[in-house]
Amino acid sequence: MYDGSDLVQHFADEVLAENPTHRTFFSAALSVMSEESRSELLAYINYCTDRGLSLSYLANCYSTILIDIHVEQIYFHRHGKYRHKSFKDVADHVYYDAEYMKKYMYGLALTYFLWPNHVGMQQFFVATFPKGRRGAYLEIGPGHGYYFRRAAAMGSFGRMVGVDISPASVELSRDIMRYYPLETGAEVEIRQTDFLQFSNHDDAFSCIVMGEVLEHVEDPGLFLRKIAELSGPQTHIYVTTCLNAPAIDHIFLFGKLAEVEELANESGLVIEDRFVAPYSGKSIEESEAQRLPINVAYVMRKR
């Protein structure tokens, strides 16, 4: 058992033992980490270790993300496109491979506290979230459950629904909601299904969140139009995606922010606010021109 005050450092030591080339980046991330982020990271690591996961396993999950992205970046810069084009190309060895998907989700969750682009997006999520919002909440692709848990803590929803295609993601999201003691009377349901087949027979959702999904689907416009259908005039809509950001399961390539924003407009949505994280040390324009990764988060409403 580790001393809680040193748990983050023990995790860092495990990561660097497995991936020494990550030392400069990791040390910088820890040095600028806010107390709130460090507390959140510590809470997440505690959750994982309470589930019987070792720090070496978590370090391996994190390193898996790094290695997979590096491999796909090499392919992207050689060929100018993502490796895969369809859901069926990646489904069996990503979404329906329980062991890999768990590693992927644990590793991805850890990046939310360590990578500046992901830290910025989660801060934007918290800052723009309609605190105390009532009604019903919908999340498409809750994955590791981070946004779902934060939304439960900040909102006053009567009903919270999560929809995910991956059985492993559904299991993780359900588990993290059971673990954290949240004072919410919401009826919580996280189901495995295709979002495009999802139907809602109640009133429009008061809040809809879709983090890091558009780049994983063949036709992102279908997903945005479906969100518009499930929304009312006052629905708070939060959507994130990435551009020029190869990963093992990214199949739809956005090259410029204008492509995302025009698609949202064509889908019946209006952008009210956005957070953009261009490649480190580059402007948005430079990142687009050089086809470097950009992360973006939007607050939208139905037109």
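Visitor: How many cavities of 30 Å³ or more does a search of the whole structure find?
Guide: The model is predicted, with local features needing pLDDT of at least 70, side-chain atom pairs counting only at pLDDT 80 or more, and totals for chains, interfaces and linings using all residues. Residues are numbered from 1 along each chain as its sequence is written, and side-chain values use heavy atoms, with hydrogens and water left out. On a 1 Å grid over the protein atoms alone, a cavity is a set of points where a 1.4 Å probe fits but cannot get out, whereas a pocket is an open set with protein on both sides within 12 Å along at least five of seven lines, and lining residues have an atom within 4 Å of a point. With grid points joined across faces, edges and corners, and volume taken as the space filled by probe spheres set on the points, the number of cavities found at 30 Å³ or more is two.

Visitor: Which helices each supply at least two residues of the lining of the largest cavity?
Guide: This cavity holds about 50 Å³ of space, and its lining consists of Tyr 44, Ala 109, Phe 113, His 144, Gly 145, Tyr 146, Arg 149 and Ile 176. Helices are DSSP runs (H or I, at least four residues), as are strands (E, at least two), numbered from the N terminus. The helices that each give at least two lining residues are H6 (98-114) and H8 (146-154).

Visitor: How many charged residues are in the lining of the second largest cavity?
Guide: About 30 Å³ of space lies in this cavity, which is lined by Tyr 44, Tyr 47, Met 105, Tyr 106, His 144, Leu 172 and Ile 176. Ala, Val, Leu, Ile, Met, Phe, Trp, Tyr, Cys and Pro count as nonpolar, Asp, Glu, Lys and Arg as charged, and the others, Gly among them, as polar. The lining therefore divides into six nonpolar and one polar residues, and the number of charged ones is zero.

Visitor: Which element gives the largest share of the lining of the largest pocket?
Guide: This pocket encloses about 960 Å³, and of its 31 lining residues the closest to the centre are Ile 69, Gln 73, Trp 115, Asn 117 and Pro 293. Helix H4 (55-79), H6 and helix H7 (116-128) each supply at least two lining residues. The largest share, six residues, comes from H4.

Visitor: Which element gives the largest share of the lining of the second largest pocket?
Guide: The second largest pocket has about 590 Å³ of space, and among its 32 lining residues Tyr 95, Ile 165, Val 213, His 216 and Val 217 lie nearest its centre. The largest share, five residues, comes from H6.
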